[in-house]
Amino acid sequence: MDWHRLSQVAKSAEATPIIDRFGEDDRARDFSVAAGDLLFDYSKTSMDAAGRDLLVEMFHAANVPARRSAMFSGGKINETEGRAVLHTALRNLDGGPVLVEGTDVMPGVRETLDRMEVFAEGVRDGSITPRGGHAFSDVVNIGIGGSDLGPAMAALALAPYHDGPRCHFVSNVDGAHINDVLLGLDPSSTLVIVASKTFTTIETMTNAETAREWIARKVGMDNAGAHFAALSSATDKTAAFGIDPDRVFGFEDWVGGRYSMWGPIGLSLMIAIGGQAFRAMLAGGQWMDRHFAAVEPLENLPVMLALTGLWHNQGLGHATRAVLPYEQRLSRLPAYLQQLEMESNGKGVSMDGAALPVHSGPIVWGEPGTNGQHAFYQLIHQGTRVVPCEFMVGARGHEEALAHQHRLLVANCLAQSEALLRGRTLGEARERLAGTFEGVELDRQARHRVFPGNRPSTMLIYPLLTPYVLGQIVAMYEHRVFVEGVMLGLNSFDQWGVELGKELAQDMEPLLLGSREADGKDGSTSQLVDYARKHGD
């Protein structure tokens, strides 16, 4: 991969102000992708036709189409763990067979989805209850990482579709998290879903034990199991915990945690919005899968999203990417994408174990608009670092009586994108202040009001945030990560970087308890252990 050439082409293109490019033919149309009801506009970037052609050339040189086919067909593209990558099978609602080592996995996928729906609808209509006959009023999902971020993000995003029990999420092992979530809930009418494939995740199982004790104090330990369901493949461990096998929903090792909200990990969401709406989200994801698999790069939403990301990060050296949804209900999407992108592509070695020749994935962060405008947009507009921004907004909102507020929201989103592009010159700033200041003070004040402009942004606009549209958006970002990972030559589907800290944490607890001394630790760690022991009792 000729990353040096990409850098040269990108820096050459950057010499032309972005706004000047809008005099070239129909820039907005030519540098946008319209598919389904989605419109992705990347025209407010410095990418030119030559740069885009080079990126498409690199896309093919990296054999992305072949790798894409291998993923959809069950090839073991997660080579460090020897696993297929088939989260797409979870939303293959009406597709054909998907083979893993010669076995079609789709019958099992559909059976699990049907079992989930039977259970979810039973909880929703009150036919499935704990002992004592109370219908479940609240559902608490206990998980961490992909077992939390996906369903928590989607449950908030699809709040207008909630017509089932209230949905809550616990992830942090900090006791404050579970304490604050359970506070005010009634143990006798609370269903706890424990999400851990192995049923050994330390944070999840610690919180699960706390929840079981909380329920047992009200209904007794013998009855506590009726308040639990499990999302796990470790049926021996779930049985030992007291969970009925009919309430255990497993998934295979070809579904990675951060790609798992489409299957059993989404059970809490299904209970909240119902099976029909959940299947609509799967259908949106399936639509994006088919689009990604079949459409040529220039008309392919995930591909062009990925190529724009590579242009900014590897081409121009912008190390950060801001995700800015102008949709309050997507407030957890930046955190979800932070894990999806940084855990997937935050690697330092290529598939063959050699050091990567370029930086890997960017730092991903963000907040919903308009809140961010009154926080970090100052740096985006006038700071010394360029932050490529990814805006997204729905053309309309769910609250018909508040349509005027949604118009204001959309106006702010479009205006911020335009402001980043246009900026404000010193002459314009001086003209605005003329009559208020004069002489040296006019010049000084005007300089504080200059906006450099020429700051890149993209825009994803959609009609309304429905389950189907959410499925399209999430699947689009999943495939974006895949394309970037393949082109960078790394494995997007392992996460060895989380292991070392977890191992050291297990070793650390005895030190904090005082049952072992901190021999062999560095001076800083020993000092911190001493402080924690002194002040922790």
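**From the core outward**

Of the 108 residues that make up the largest nonpolar core in this predicted model, Trp254 and Leu470 are the ones that touch the most other members. The element that gives the most to this core is helix 19, spanning residues 467-488, with 13 residues. Apart from this core lies another one, of 23 residues, and among its members are Ile142, Val192, Ala216 and Phe228. In soluble globular proteins, nonpolar side chains tend to be buried together.

The surroundings of tryptophan 254 can be followed residue by residue. Leaving aside its neighbours within four places in sequence, tryptophan 254 is in contact with Ala84, Val85, Leu86, His87, Ala89 and Leu90, and also with Val100, Val105 and Val109. For the chain as a whole, 74% of the contacts with a separation of 6 or more are between residues 24 or more positions apart.

From the core one can step back to the overall fold, in which the secondary structure of the chain comes to 21 helices and 13 strands. The radius of gyration is 25 Å, close to the 24 Å that the globule rule gives for 537 residues, so the chain is as compact as a globular protein of that length. Taken along the principal axes, the box filled by the C-alpha atoms is roughly 80 × 60 × 60 Å. Of the 537 residues, 51% count as buried.

Turning to the surface, the accessible area of the chain comes to about 23600 Å², and carbon and sulfur atoms account for 51% of that area. The chain carries 47 positive and 66 negative charges, and the mean positions of these two sets are 3 Å apart.

Some details of the backbone also deserve attention. The peptide bond that leads from glycine 369 to threonine 370 is cis, with omega near 10°, and threonine 370 lies in the loop between strand 11 (363-365) and helix 15 (377-382).

Positive phi values occur at residues that are not glycine, including glutamate 101, where phi is about 50°. Glutamate 101 is placed in the loop between strand 3 (99-100) and strand 4 (103-104), and it counts as exposed because its relative accessibility is 65%, where exposed means over 50%. Asparagine 454 likewise has a positive phi, of about 60°, although it is not a glycine; its loop runs between helix 18 (439-448) and strand 13 (457-462). With a relative accessibility of 31%, asparagine 454 counts as partly exposed.

Definitions and conventions. Residues numbered from 1 in each chain as written. Predicted model: local features only at pLDDT ≥ 70, side-chain atom pairs only at ≥ 80, totals over all residues. Heavy atoms only, no water. Helix = DSSP H or I, 4+ residues; strand = E, 2+ residues; numbered from the N terminus. Rg over C-alpha atoms; globule rule 2.2 N^0.38 Å. Buried < 20%, exposed > 50% of the residue type's maximum accessible area, 1.4 Å probe, protein only. Contact = heavy atoms within 4.5 Å. Areas by Shrake-Rupley, 256 points an atom, 1.4 Å probe, with all protein chains shown as cover. Lys, Arg positive; Asp, Glu negative; His and termini not counted. Charge placed at Lys NZ, Arg CZ, Asp CG, Glu CD. Core = buried A, V, L, I, M, F, W, Y, C linked by side-chain atoms within 4.5 Å.
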